[in-house]
Amino acid sequence: MDKLILIDGNSIIYRAFFAMPPLTNTKGWHTNAVYGFTNMLLRIIEDHKPTHMMVAFDAGKITFRHESYKEYKGGRNKTPHELSEQFPLLKELLQGLGIAQYELSGYEADDIIGTISKEAEQAGQEVLVISGDKDMFQLASEHVEIGLTRKGVTEIEIYNPEQIHERYGLKPHQITDLKGLMGDTSDNIPGVPGVGEKTALKLLHQFGSVEDVLANIHELKGKMKEKIETHADDAVLSKKLATIYREVVLDKTLDEMVFNGFNPDTSGPALAKLEFKSMLERLSLSGEAGLEDGIAKQPTLNVEVTVINEDNIKEFISRLPQVKVLHVETYGENPHRAEIIGVVFSSEEHHDYVPFDLFKTDHAAPILNWLQDPAYPKRGYDLHRMDLALHWHEIPFAGVTFDVQLAAYLLDPTESNQTISALAAKYGLSSLVVEEDIFGKGAKYKVPEIEVLSNHLARKSATVLSIIPKQEEELEKNEMKSLFHDLEMPLSRILADMEKQGIEVYTKDLQELGKEFESQIHQLEEDIYRIADGKFNINSPKQLGEILFVKLGLPVVKKTKTGFSTDAEVLEKLAPYHEIVQHILQYRTLAKLQSTYVEGLLKEISPKTGKVHTYYRQTIAATGRLSSQFPNLQNIPIRLEEGRKIRKVFVPSESGWSILAADYSQIELRVLAHISNDERLIEAFLQDMDIHTKTAMDVFGVKPEEVDSNMRRSAKAVNFGIVYGISDYGLSQNLNITRKEASQFIEQYFAIFQGVKQYMSDIVKEAKENGYVTTLLGRRRYLPEINASNFNLRSFAERMAMNTPIQGTAADIIKLAMVHMDKALSDKQLKSRMLLQVHDELVFEVPEDELELMKVLVPEIMSKALQLVVPLNAEVSFGSNWYEAK
DNA sequence: AGGGTCACG
DNA sequence: ACGTACGTGACCCTT
């Protein structure tokens with residue numbers, strides 16, 4: 001049986017554009033919409049195996065519909081140029097792939113599809129129409145199905161006439177009547193004002209069509225009758241506009257739409273031109289002919305690699321002083337537990353692969369010496385990870401000078417793919433073999449034979465070597481050399497030291513705490529099952545929603561994409577209605593503590609050291625902050641007493657020592673005061689006032705003693721909002737007030753803090769001009785969406801423009817403090833150790849005899865890390881565990 | 001794999 | 001028309 005797929009090109013590319021994040025190739029072309037479209041195309045072909053295919057496009061702006069209604073599709077926003085640029089790209093790609101396309105002056109894609117689907121159906125074909133537009137439902141029949149995109153374009157939901165009936169209670173042809181009555185704002189089809197989908201459906205269920213409604217208008221009454229009578233003409237016209245014309249005279253036959261798979265000669269080059277590499281691979285196509293555009297698929301990089309053994313190790317050792325790049329291949333996400341697969345030492349002339357087993361022999365002494373001698377500079381990709389992996393294999397390591405991953409992060413901290421392979425592509429170097437092809441993936445992971453492995457790793461190492469000079473140049477150009485060499489590189493070594501040190505967790509107390517939680521959780525479970533009159537999985541939002549909103553009939557406050565929302569905010573609102581809700585809230589709190597912080601933490605305690613060794617990631621957060629994994633020690637509970645107890649199990653690793661913690665007070669608002677140079681904000685900090693109270697005084701125009709807790713709370717929320725890049729909506733949500741009230745708050749705030757207002761508008765302007773924002777130390781974040789025509793995307797980017805310099809500068813400052821602190825500890829030969837960083841806090845373990853010194857030294861170094869126009873205060877505290885250090 | 005929820009700054 | 005406060009990571013459930 002022949003199967004024809006007809007795609008509404010305009011509809012799909014439009015949806016793909018808004019669904020996909022912005023994407024540009026190395027030539028700077030926007031390609032996200034084409035990419036999304038193509039992805040959808042590949043999937044639909046795989047799923048439906050068509051014999052015929054065609055993509056229809058609208059041609060020009062004026063169609064026959066404008067003859068009867070010149071405002072048709074009026075009032076639409078102009079298509080953003082980022083999208084319109086992609087039409088020719090898509091059309092060229094379709095041609096390359098060998099997929100028919102068609103457009104006809106004066107008609108829309110709908111009409112072409114309507115006409116062809118009718119012809120095809122008559123010729124005995126099965127037809128599938130793909131669109132994002134429900135109008136297409138009118139075409140459905142026994143042999144014509146409609147595939148509607150969901151969630152952008154990633155999912156297609158297929159409708160036949162029965163399913164349409166289920167959804168609307170209408171026959172396909174009645175969809176035009178539906179549109180006639182309710183109109184369609186996106187096409188500027190008026191319909192009858194005041195009649196929406198619900199009313200329209202009711203009328204059609206009763207009468208059947210627009211004409212029948214009008215003929216029986218006497219049966220209606222009141223406002224509705226009046227509205228329909230006044231707008232009867234509009235309804236008829238709207239129906240006409242919404243009706244797809246299925247009698248277009250076409251000069252295209254079904255034979256021209258035959259699809260026998262992608263054109264083997266032209267598909268590869270067409271995809272390569274756009275740089276859709278993953279699709280090339282997916283289709284096992286070669287992009288050879290597209291090479292002229294600088295994109296290679298197959299690696300052409302030829303590296304000679306010497307596999308070192310006991311016989312040739314002497315020669316290799318003589319080459320060690322010339323080594324430029326080190327590559328230690330690790331396996332496993334957590335570097336503290338990673339295996340070492342193999343090691344490559346590269347210079348321009350040589351690539352030497354040293355099997356890791358060789359490190360354990362006596363021959364390796366000079367290699368170990370090279371690794372730990374800081375006089376030999378270490379360059380490579382992710383030296384931090386190598387350092388940790390080597391450390392747990394008892395190999396000391398020192399002398400990091402250039403980390404390619406770290407440089408890549410500074411050059412573009414938002415790039416999620418910072419693999420060596422992606423960097424090779426960025427700098428136009430020969431590409432690498434896909435790692436999965438070498439190692440397999442998931443359960444199929446396996447280290448290949450030595451020839452394959454040594455070759456692959458040498459290629460990676462050689463690529464890293466070629467990337468370094470390009471990055472040096474780019475860092476120089478972006479004025480980031482100092483940020484890189486004097487801050488991030490030294491910090492990477494410091495972080496590795498902190499992680500190796502780890503923090504002691506008192507297992508026994510943690511297990512005790514776990515038992516307490518366990519019995520409380522058990523009790524709560526019983527109560528909940530009893531009240532709900534039945535067992536269910538409380539952890540399943542789906543089952544919980546069923547119980548709360550169906551079985552118990554509580555009011556639905558908020559919905560998620562998939563069903564009822566049951567988050568804490570919703571539950572708080574429901575608490576007065578039913579006693580079960582309090583229990584569920586309590587259960588949630590305890591279950592979280594138990595699974596994440598008791599069980600989770602216990603799993604992370606190293607059997608070797610009895611400590612937890614987190615892994616700080618220096619290349620994740622777009623603002624310059626660190627992140628922490630395995631376990632995350634930056635989100636240990638503190639706000640609620642129950643959870644805060646967890647902190648009691650973090651103890652010093654030596655008896656008689658203390659935990660000392662120091663945190664910056666209001667660092668972000670102080671940074672804001674500095675960069676905005678706002679008079680009032682600066683004054684507030686110079687007087688060292690409680691900033692939220694001060695803000696409340698100013699905004700509400702009251703004396704200090706008149707600030708009540710509610711005013712302070714509001715002021716605090718405004719201050720947070722300011723730091724986050726304020727929006728009236730966000731503030732209204734946070735304070736549970738109307739958007740209008742929030743808007744007034746913000747206005748009042750800006751009337752007082754005019755410098756802040758000025759900063760907010762200046763920074764957005766700067767971002768729009770430069771395409772990026774920077775922190776005080778020159779850290780950069782690109783905001784490509786700052787000029788987007790899509791309101792949402794643009795607004796996001798604007799808030800990031802406001803927030804990133806603040807959050808990022810605060811991150812710069814504590815990183816500086818860490819570098820200074822590390823130096824002070826070693827210069828003064830102190831035994832105290834820096835263990836943790838929690839964004840604005842540093843945690844140490846300190847011996848008794850250094851406590852008095854550290855209580856002064858730590859806050860001093862932190863507050864002097866960077867000179868601002870306002871003082872930077874750090875508050876210090878200590879105790880026998882992290883809980884006590886408060 | 002992705003969504004929901006919740007822990008932190 | 002759209003649906004949002006900024007930055008993270010871990011756990012659980014569902015697909």
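**View 1. Ser826 sits in helix H35.** This is a predicted model, and we start with a single serine. Is Ser826 buried, exposed or partly exposed? Its relative accessible area is 49%, so Ser826 counts as partly exposed, just short of the cut-off, since exposed means over 50%. Pan over to Lys508 and you've covered 318 residues along the chain, with 33 Å between the C-alpha atoms of Lys508 and Ser826.

**View 2. The largest nonpolar core takes in 170 residues.** Helix H35, the home of Ser826, spans residues 791-827 and gives this core 14 residues, the most of any contributor. If you want the residues with the most contacts inside the core, look for Phe345, Ile367, Phe650, Tyr664, Phe844 and Met854. As a general point, nonpolar side chains in soluble globular proteins tend to be buried together.

**View 3. Phe345 and the residues it touches.** Here we zoom in on Phe345, one of the residues with the most contacts inside the largest core. Leaving out residues up to four places away in sequence, Phe345 touches Phe316, Leu320, Val323, Val325, Leu326 and Phe359, along with Val354, Ile367 and Trp370. His350, His351 and Asp352 are on the contact list too. Apart from this core lies another one, made of 46 residues, including Leu4, Val127, Val129 and Met136.

**View 4. Domain 1 meets domain 4.** Chain A is split into four pieces: domain 1 (3-170 + 245-257), domain 2 (299-502), domain 3 (504-612 + 621-651) and domain 4 (680-803). The C-alpha centres of domains 1 and 4 are 44 Å apart, and their contact draws on 4 residues from domain 1 and 5 residues from domain 4. About 350 Å² is buried between these two domains, with carbon and sulfur atoms giving 57% of that. Which domain 1 residues lose the most area to domain 4? Phe18, Pro22 and Glu82 do, and together they make up 80% of what the domain 1 side buries. Don't go hunting for salt bridges across this interface: the count is 0. Residue pairs in polar contact between domain 1 and domain 4, with both at pLDDT 80 or more, also come to 0.

**View 5. Helix H13 is mostly covered.** H13 runs over residues 267-274, and 7 of its 8 residues are buried. The buried set is Ser267, Gly268, Pro269, Ala270, Leu271, Ala272 and Leu274. Right after the helix comes Glu275, with a positive phi near 70°.

Methods:
Residues are numbered from 1 along each chain as its sequence is written. Chains are lettered from A and ligands numbered from 1 in the order in which they are written. Side-chain values use heavy atoms; hydrogens and water are left out. A nonpolar core is a set of buried Ala, Val, Leu, Ile, Met, Phe, Trp, Tyr and Cys residues joined through side-chain atoms within 4.5 Å. Buried means under 20% relative accessible area, exposed over 50%, partly exposed in between (1.4 Å probe, protein chains only). Helices (H or I, at least four residues) and strands (E, at least two) are DSSP runs, numbered from the N terminus. Contact means heavy atoms within 4.5 Å. Domain bounds come from an automatic or database domain assignment. Buried area is the accessible area (1.4 Å probe) that two parts lose on being put together, summed over both. A salt bridge is a side-chain nitrogen of Lys or Arg within 4 Å of a carboxyl oxygen of Asp or Glu. A polar contact is a pair of N or O atoms within 3.5 Å; within protein, one must be able to donate a hydrogen and the other to accept it, and residues adjacent in sequence count only if both atoms are side-chain atoms.
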